[in-house]
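Visitor: I would like a close look at a single part of this structure. Please take the sheet and what packs against it, and spell out the terms as you go.

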There are 2 protein chains.
Amino acid sequence: MERTPPHPEKEQFDLQRVLEALVDPVRRSIVTQLDAAGEDIACGAFDIAVSKSTATHHFKVLREAGLIRQHYVGTSRMNALRRTEMDQAFPGLLDAITPRVAEAGANVASAARDTVSARRLQSQGIAAAGEQAPDPGGVSRQLDGPVVRRS
Amino acid sequence: MERTPPHPEKEQFDLQRVLEALVDPVRRSIVTQLDAAGEDIACGAFDIAVSKSTATHHFKVLREAGLIRQHYVGTSRMNALRRTEMDQAFPGLLDAITPRVAEAGANVASAARDTVSARRLQSQGIAAAGEQAPDPGGVSRQLDGPVVRRS
DNA sequence: ACGGAAGTACGACTATCATCGAACTTTGAT
DNA sequence: ATCAAAGTTCGATGATAGTCGTACTTCCGT
(Lines give C-alpha, C1' and ligand atoms only; values in the text may rest on other atoms or scores of the structure.)
Protein backbone atom coordinates (compact mmCIF):
# COMPACT_ATOMS: atom_id res chain seq x y z
CA MET A 1 0.00 0.00 0.00
CA GLU A 2 1.99 2.91 1.29
CA ARG A 3 0.36 5.14 -1.24
CA THR A 4 -1.86 7.55 0.61
CA PRO A 5 -5.52 7.32 -0.27
CA PRO A 6 -7.27 10.15 -2.13
CA HIS A 7 -8.04 13.25 -0.10
CA PRO A 8 -10.29 16.04 -1.37
CA GLU A 9 -8.88 19.53 -1.64
CA LYS A 10 -10.25 22.19 0.62
CA GLU A 11 -11.92 23.82 -2.35
CA GLN A 12 -13.78 20.62 -3.08
CA PHE A 13 -15.36 20.26 0.31
CA ASP A 14 -19.06 19.69 -0.01
CA LEU A 15 -21.45 20.60 2.78
CA GLN A 16 -23.77 17.73 1.99
CA ARG A 17 -20.96 15.23 2.23
CA VAL A 18 -19.62 16.75 5.41
CA LEU A 19 -23.01 16.65 7.07
CA GLU A 20 -23.59 13.08 5.97
CA ALA A 21 -20.27 12.21 7.54
CA LEU A 22 -21.03 14.03 10.76
CA VAL A 23 -24.55 12.74 11.23
CA ASP A 24 -23.32 9.31 12.21
CA PRO A 25 -22.67 9.08 15.97
CA VAL A 26 -19.67 6.81 15.56
CA ARG A 27 -18.03 9.12 13.07
CA ARG A 28 -18.84 12.18 15.13
CA SER A 29 -17.25 10.42 18.05
CA ILE A 30 -14.12 9.89 16.03
CA VAL A 31 -14.00 13.56 15.14
CA THR A 32 -14.58 14.49 18.75
CA GLN A 33 -11.80 12.25 19.97
CA LEU A 34 -9.42 13.67 17.40
CA ASP A 35 -10.38 17.17 18.37
CA ALA A 36 -9.91 16.47 22.05
CA ALA A 37 -6.61 14.70 21.57
CA GLY A 38 -5.16 17.40 19.42
CA GLU A 39 -2.83 14.90 17.85
CA ASP A 40 -2.91 12.10 15.32
CA ILE A 41 -4.54 8.85 16.36
CA ALA A 42 -4.22 5.42 14.80
CA CYS A 43 -7.38 3.75 13.52
CA GLY A 44 -7.15 1.04 16.11
CA ALA A 45 -6.66 3.44 18.99
CA PHE A 46 -10.11 4.97 18.92
CA ASP A 47 -12.77 4.25 21.47
CA ILE A 48 -15.49 3.07 19.15
CA ALA A 49 -17.72 0.04 19.42
CA VAL A 50 -17.68 -1.37 15.93
CA SER A 51 -15.76 -4.06 14.09
CA LYS A 52 -12.56 -3.30 12.22
CA SER A 53 -14.19 -3.47 8.83
CA THR A 54 -16.90 -1.08 9.92
CA ALA A 55 -14.30 1.25 11.37
CA THR A 56 -12.46 1.25 8.06
CA HIS A 57 -15.68 2.26 6.39
CA HIS A 58 -16.21 5.15 8.78
CA PHE A 59 -12.69 6.44 8.33
CA LYS A 60 -13.15 6.31 4.61
CA VAL A 61 -16.33 8.38 4.80
CA LEU A 62 -14.62 10.93 7.03
CA ARG A 63 -11.62 11.11 4.75
CA GLU A 64 -13.66 11.52 1.58
CA ALA A 65 -15.62 14.29 3.22
CA GLY A 66 -12.37 16.02 4.01
CA LEU A 67 -12.75 15.84 7.75
CA ILE A 68 -9.63 13.80 8.37
CA ARG A 69 -6.27 13.24 6.74
CA GLN A 70 -4.76 9.79 6.77
CA HIS A 71 -1.21 8.57 6.36
CA TYR A 72 0.61 5.38 7.14
CA VAL A 73 3.19 4.88 9.86
CA GLY A 74 4.31 1.32 9.68
CA THR A 75 1.21 -0.84 9.61
CA SER A 76 -0.75 1.78 11.46
CA ARG A 77 -2.86 4.30 9.69
CA MET A 78 -2.77 7.62 11.45
CA ASN A 79 -5.66 10.04 11.40
CA ALA A 80 -5.54 13.78 11.74
CA LEU A 81 -8.42 16.19 11.98
CA ARG A 82 -8.36 18.75 9.19
CA ARG A 83 -9.45 21.48 11.57
CA THR A 84 -8.06 24.53 9.88
CA GLU A 85 -9.29 23.66 6.43
CA MET A 86 -12.73 22.71 7.68
CA ASP A 87 -12.98 25.93 9.64
CA GLN A 88 -12.14 27.85 6.50
CA ALA A 89 -14.62 25.95 4.40
CA PHE A 90 -17.46 25.90 6.91
CA PRO A 91 -16.73 28.32 9.73
CA GLY A 92 -18.25 27.30 13.01
CA LEU A 93 -19.40 23.89 11.94
CA LEU A 94 -16.88 21.81 13.84
CA ASP A 95 -17.18 24.08 16.85
CA ALA A 96 -20.92 23.57 16.79
CA ILE A 97 -20.79 19.82 16.88
CA THR A 98 -17.79 19.52 19.16
CA PRO A 99 -18.80 19.06 22.78
CA ARG A 100 -18.29 22.29 24.64
CA VAL A 101 -16.98 21.96 28.18
CA ALA A 102 -19.45 24.17 30.01
CA GLU A 103 -19.26 27.68 28.66
CA ALA A 104 -19.58 30.25 31.43
CA GLY A 105 -22.97 31.93 31.31
CA ALA A 106 -23.82 30.46 27.97
CA ASN A 107 -26.66 28.10 27.40
CA VAL A 108 -26.26 24.62 28.74
CA ALA A 109 -27.64 22.89 25.71
CA SER A 110 -24.43 22.65 23.79
CA ALA A 111 -23.03 19.78 21.84
CA ALA A 112 -21.91 18.42 25.18
CA ARG A 113 -25.49 17.45 25.72
CA ASP A 114 -25.21 15.14 22.79
CA THR A 115 -25.80 11.90 24.60
CA VAL A 116 -24.91 10.17 21.39
CA SER A 117 -28.62 9.89 21.16
CA ALA A 118 -29.69 6.54 22.38
CA ARG A 119 -32.37 6.46 19.73
CA ARG A 120 -30.75 4.90 16.74
CA LEU A 121 -27.97 3.55 18.86
CA GLN A 122 -30.31 1.36 20.78
CA SER A 123 -32.06 0.24 17.68
CA GLN A 124 -28.79 -0.84 16.20
CA GLY A 125 -27.11 -2.11 19.29
CA ILE A 126 -24.31 0.41 19.32
CA ALA A 127 -22.61 1.15 22.56
CA ALA A 128 -22.23 4.83 23.22
CA ALA A 129 -18.56 5.61 23.21
CA GLY A 130 -17.66 8.44 25.50
CA GLU A 131 -20.08 11.04 26.81
CA GLN A 132 -22.58 10.52 29.54
CA ALA A 133 -24.62 7.89 27.81
CA PRO A 134 -26.66 5.67 30.10
CA ASP A 135 -25.28 2.59 28.41
CA PRO A 136 -27.99 0.21 29.59
CA GLY A 137 -26.32 -2.85 28.20
CA GLY A 138 -23.14 -2.36 30.16
CA VAL A 139 -21.10 -2.64 27.01
CA SER A 140 -18.77 0.20 26.28
CA ARG A 141 -15.47 -0.97 24.90
CA GLN A 142 -15.20 -4.24 23.13
CA LEU A 143 -11.80 -5.64 22.38
CA ASP A 144 -12.21 -7.29 19.07
CA GLY A 145 -15.64 -8.80 18.67
CA PRO A 146 -18.17 -6.19 17.60
CA VAL A 147 -21.36 -5.34 19.33
CA VAL A 148 -23.98 -7.98 19.83
CA ARG A 149 -27.01 -7.35 17.73
CA ARG A 150 -30.13 -8.13 19.68
CA SER A 151 -33.10 -9.27 17.65
CA MET B 1 -57.30 20.23 14.44
CA GLU B 2 -56.38 23.67 15.59
CA ARG B 3 -54.35 22.23 18.43
CA THR B 4 -50.75 23.02 17.78
CA PRO B 5 -48.52 19.97 17.39
CA PRO B 6 -45.90 19.11 20.02
CA HIS B 7 -42.76 21.22 20.02
CA PRO B 8 -39.66 20.32 22.01
CA GLU B 9 -38.38 22.78 24.58
CA LYS B 10 -35.06 24.43 23.97
CA GLU B 11 -33.60 22.39 26.81
CA GLN B 12 -34.61 19.20 25.07
CA PHE B 13 -32.85 19.90 21.82
CA ASP B 14 -30.74 16.96 20.79
CA LEU B 15 -27.74 17.37 18.52
CA GLN B 16 -28.23 14.01 16.91
CA ARG B 17 -31.81 14.82 16.03
CA VAL B 18 -30.91 18.25 14.75
CA LEU B 19 -28.20 16.89 12.52
CA GLU B 20 -30.45 14.17 11.20
CA ALA B 21 -32.95 16.86 10.33
CA LEU B 22 -30.37 19.06 8.65
CA VAL B 23 -28.67 16.36 6.65
CA ASP B 24 -31.56 16.12 4.24
CA PRO B 25 -31.19 18.59 1.36
CA VAL B 26 -34.89 19.27 1.14
CA ARG B 27 -35.16 20.05 4.82
CA ARG B 28 -32.02 22.14 4.76
CA SER B 29 -33.52 24.04 1.88
CA ILE B 30 -36.59 24.72 3.97
CA VAL B 31 -34.44 26.04 6.78
CA THR B 32 -32.49 28.16 4.35
CA GLN B 33 -35.60 29.65 2.83
CA LEU B 34 -36.98 30.45 6.26
CA ASP B 35 -33.72 32.03 7.26
CA ALA B 36 -33.54 34.11 4.11
CA ALA B 37 -37.15 35.20 4.30
CA GLY B 38 -36.93 36.23 7.91
CA GLU B 39 -40.64 35.72 8.29
CA ASP B 40 -43.11 32.86 8.64
CA ILE B 41 -43.86 30.82 5.56
CA ALA B 42 -46.80 28.52 4.90
CA CYS B 43 -46.02 24.88 4.14
CA GLY B 44 -47.32 25.22 0.63
CA ALA B 45 -45.32 28.32 -0.15
CA PHE B 46 -41.91 26.71 -0.10
CA ASP B 47 -39.88 26.06 -3.17
CA ILE B 48 -39.39 22.36 -2.73
CA ALA B 49 -39.81 19.59 -5.26
CA VAL B 50 -41.67 16.96 -3.32
CA SER B 51 -45.27 15.89 -2.92
CA LYS B 52 -47.47 17.31 -0.19
CA SER B 53 -47.30 14.19 1.89
CA THR B 54 -43.55 14.16 1.73
CA ALA B 55 -43.44 17.83 2.61
CA THR B 56 -45.58 17.16 5.66
CA HIS B 57 -43.08 14.53 6.70
CA HIS B 58 -40.16 16.93 6.37
CA PHE B 59 -41.88 19.65 8.36
CA LYS B 60 -42.61 17.15 11.07
CA VAL B 61 -38.97 16.12 11.30
CA LEU B 62 -37.87 19.75 11.44
CA ARG B 63 -40.43 20.57 14.09
CA GLU B 64 -39.56 17.58 16.28
CA ALA B 65 -35.91 18.53 16.08
CA GLY B 66 -36.82 21.99 17.30
CA LEU B 67 -35.71 23.77 14.16
CA ILE B 68 -39.09 25.24 13.30
CA ARG B 69 -42.24 26.28 15.12
CA GLN B 70 -45.58 25.66 13.50
CA HIS B 71 -48.98 27.22 14.05
CA TYR B 72 -52.18 27.37 12.08
CA VAL B 73 -53.63 30.39 10.34
CA GLY B 74 -56.83 29.32 8.72
CA THR B 75 -56.11 26.19 6.73
CA SER B 76 -52.51 27.19 6.31
CA ARG B 77 -49.82 25.97 8.57
CA MET B 78 -47.22 28.63 9.14
CA ASN B 79 -43.58 27.81 9.80
CA ALA B 80 -41.08 29.89 11.72
CA LEU B 81 -37.39 29.25 12.18
CA ARG B 82 -36.44 28.93 15.84
CA ARG B 83 -33.24 30.84 15.24
CA THR B 84 -32.62 32.27 18.67
CA GLU B 85 -33.23 29.06 20.53
CA MET B 86 -31.14 27.02 18.13
CA ASP B 87 -28.32 29.51 18.38
CA GLN B 88 -28.41 29.21 22.14
CA ALA B 89 -28.50 25.44 22.07
CA PHE B 90 -25.91 24.95 19.34
CA PRO B 91 -24.05 28.19 18.71
CA GLY B 92 -22.83 28.55 15.18
CA LEU B 93 -24.59 25.54 13.78
CA LEU B 94 -27.26 27.32 11.76
CA ASP B 95 -24.74 29.90 10.62
CA ALA B 96 -22.50 27.12 9.41
CA ILE B 97 -25.10 25.48 7.25
CA THR B 98 -26.79 28.64 6.07
CA PRO B 99 -25.46 29.81 2.72
CA ARG B 100 -23.16 32.76 3.22
CA VAL B 101 -23.42 35.45 0.58
CA ALA B 102 -19.75 35.88 -0.23
CA GLU B 103 -17.97 36.97 2.87
CA ALA B 104 -15.31 39.57 2.06
CA GLY B 105 -11.88 38.02 2.19
CA ALA B 106 -13.14 34.84 3.77
CA ASN B 107 -12.82 31.49 2.16
CA VAL B 108 -15.04 30.79 -0.77
CA ALA B 109 -15.97 27.34 0.29
CA SER B 110 -18.87 28.30 2.52
CA ALA B 111 -22.27 26.77 2.79
CA ALA B 112 -23.09 28.78 -0.30
CA ARG B 113 -21.14 26.21 -2.19
CA ASP B 114 -23.67 23.65 -1.13
CA THR B 115 -25.02 22.74 -4.50
CA VAL B 116 -27.54 20.65 -2.69
CA SER B 117 -25.16 17.93 -3.67
CA ALA B 118 -26.36 16.31 -6.78
CA ARG B 119 -25.17 12.98 -5.47
CA ARG B 120 -28.07 11.55 -3.61
CA LEU B 121 -30.41 13.97 -5.26
CA GLN B 122 -29.74 12.49 -8.64
CA SER B 123 -30.05 9.01 -7.35
CA GLN B 124 -33.42 9.83 -5.90
CA GLY B 125 -34.71 12.09 -8.59
CA ILE B 126 -34.93 15.19 -6.46
CA ALA B 127 -34.83 18.53 -8.15
CA ALA B 128 -32.47 20.94 -6.47
CA ALA B 129 -34.56 23.73 -5.09
CA GLY B 130 -32.75 27.05 -5.09
CA GLU B 131 -29.01 27.47 -5.27
CA GLN B 132 -26.94 27.07 -8.35
CA ALA B 133 -27.73 23.46 -9.00
CA PRO B 134 -27.27 22.39 -12.59
CA ASP B 135 -30.68 20.80 -12.63
CA PRO B 136 -30.04 18.54 -15.60
CA GLY B 137 -33.60 17.36 -15.77
CA GLY B 138 -35.08 20.79 -16.19
CA VAL B 139 -37.46 20.23 -13.33
CA SER B 140 -37.32 22.76 -10.56
CA ARG B 141 -40.72 23.66 -9.25
CA GLN B 142 -43.58 21.26 -9.62
CA LEU B 143 -47.08 22.52 -9.01
CA ASP B 144 -48.73 19.49 -7.57
CA GLY B 145 -47.39 16.35 -9.15
CA PRO B 146 -44.15 15.30 -7.52
CA VAL B 147 -40.90 14.57 -9.16
CA VAL B 148 -40.64 11.77 -11.65
CA ARG B 149 -38.62 8.93 -10.31
CA ARG B 150 -36.41 7.51 -12.94
CA SER B 151 -35.78 3.83 -12.52
C1' DA C 1 11.49 -17.09 6.72
C1' DC C 2 7.51 -16.85 9.62
C1' DG C 3 3.93 -15.06 12.24
C1' DG C 4 1.37 -11.54 14.12
C1' DA C 5 -0.50 -6.94 13.97
C1' DA C 6 -3.19 -3.50 11.47
C1' DG C 7 -6.08 -2.53 7.99
C1' DT C 8 -8.55 -3.07 3.56
C1' DA C 9 -11.75 -5.21 0.28
C1' DC C 10 -15.77 -7.62 -0.73
C1' DG C 11 -20.25 -9.55 -0.38
C1' DA C 12 -24.38 -10.09 2.39
C1' DC C 13 -27.85 -8.68 5.49
C1' DT C 14 -30.95 -5.19 7.71
C1' DA C 15 -32.97 -1.24 9.17
C1' DT C 16 -34.05 3.11 8.15
C1' DC C 17 -35.90 6.67 5.56
C1' DA C 18 -37.36 9.54 1.68
C1' DT C 19 -40.91 9.12 -1.46
C1' DC C 20 -45.44 8.49 -3.36
C1' DG C 21 -50.67 7.95 -3.93
C1' DA C 22 -55.07 7.67 -2.04
C1' DA C 23 -58.27 8.69 1.39
C1' DC C 24 -59.58 11.76 5.03
C1' DT C 25 -60.11 16.30 7.86
C1' DT C 26 -60.54 20.93 8.62
C1' DT C 27 -61.33 25.59 7.35
C1' DG C 28 -62.94 29.38 4.68
C1' DA C 29 -65.66 30.94 0.61
C1' DT C 30 -69.55 31.01 -2.33
C1' DA D 1 -74.98 23.56 2.23
C1' DT D 2 -71.30 22.87 -0.85
C1' DC D 3 -66.77 23.07 -2.57
C1' DA D 4 -62.20 23.81 -2.91
C1' DA D 5 -57.82 24.59 -0.68
C1' DA D 6 -54.35 23.03 2.55
C1' DG D 7 -52.57 19.51 5.19
C1' DT D 8 -52.44 15.05 7.54
C1' DT D 9 -52.49 10.11 7.93
C1' DC D 10 -51.72 5.67 6.32
C1' DG D 11 -49.58 1.95 4.09
C1' DA D 12 -46.32 0.55 0.38
C1' DT D 13 -42.04 0.83 -2.01
C1' DG D 14 -37.33 1.42 -3.19
C1' DA D 15 -32.77 3.00 -2.24
C1' DT D 16 -29.19 3.87 0.94
C1' DA D 17 -26.10 3.07 4.43
C1' DG D 18 -24.39 0.87 8.75
C1' DT D 19 -23.01 -3.53 10.20
C1' DC D 20 -20.62 -7.89 10.15
C1' DG D 21 -17.51 -11.90 8.84
C1' DT D 22 -14.13 -13.71 5.92
C1' DA D 23 -10.36 -13.40 3.09
C1' DC D 24 -6.47 -10.78 1.62
C1' DT D 25 -2.42 -7.46 1.88
C1' DT D 26 1.48 -5.06 4.11
C1' DC D 27 4.65 -4.20 7.32
C1' DC D 28 7.48 -5.20 11.30
C1' DG D 29 9.68 -8.14 14.66
C1' DT D 30 11.88 -12.38 15.96
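Guide: S2(A) and S3(A) form a hairpin with two residues between them, and Gly74(A) in the turn has a positive phi of about 70°. Strands here are DSSP runs of E with at least two residues, helices are runs of H or I with at least four, and both are numbered from the N terminus. This is a predicted model, in which local features need pLDDT of at least 70 and side-chain atom pairs count only at pLDDT 80 or more, while totals for chains, interfaces and linings use all residues. Residues are numbered from 1 along each chain as its sequence is written, chains are lettered from A and ligands numbered from 1 in the order in which they are written, and side-chain values use heavy atoms, with hydrogens and water left out.

The two strands of the hairpin, S2(A) and S3 (residues 76-81) of chain A, are antiparallel and joined by six bridges; two strands pair if DSSP finds at least two bridges between them. Beside the turn, Val73(A) stands opposite Ser76(A). Further along, Arg69(A) is opposite Ala80(A).

S3(A) also has a partner in S1(A), to which two bridges join it, again antiparallel. In this pairing Ile41(A) faces Asn79(A). The outcome is an open sheet of three strands in the order S1-S3-S2. Its edge strands are S1 (41-42) and S2 (68-73) of chain A, each pairing on one side only.

Two helices pack on this sheet. Helix H2 (residues 25-37) of chain A touches S1, S2 and S3, and its direction makes about 80° with that of S3(A). Helix H3 (residues 52-65) of chain A touches S2 and S3, at about 120° to the direction of S2(A). Contact means heavy atoms within 4.5 Å. Axes are lines fitted to C-alpha atoms, for helices over the stretch in contact, and angles run from 0 to 180 degrees between N-to-C directions.

How enclosed is S3(A) by the rest of the structure? Five of its six residues are buried, so S3(A) is largely enclosed. Buried means under 20% relative accessible area, exposed over 50%, and partly exposed in between, with a 1.4 Å probe and protein chains only.

H3(A) has a helical neighbour as well: H1 (residues 15-22) of chain A packs with H3(A) at about 155°, the axes 9 Å apart. Residues making this contact include Val18(A) of H1(A) and Leu62(A) of H3(A).
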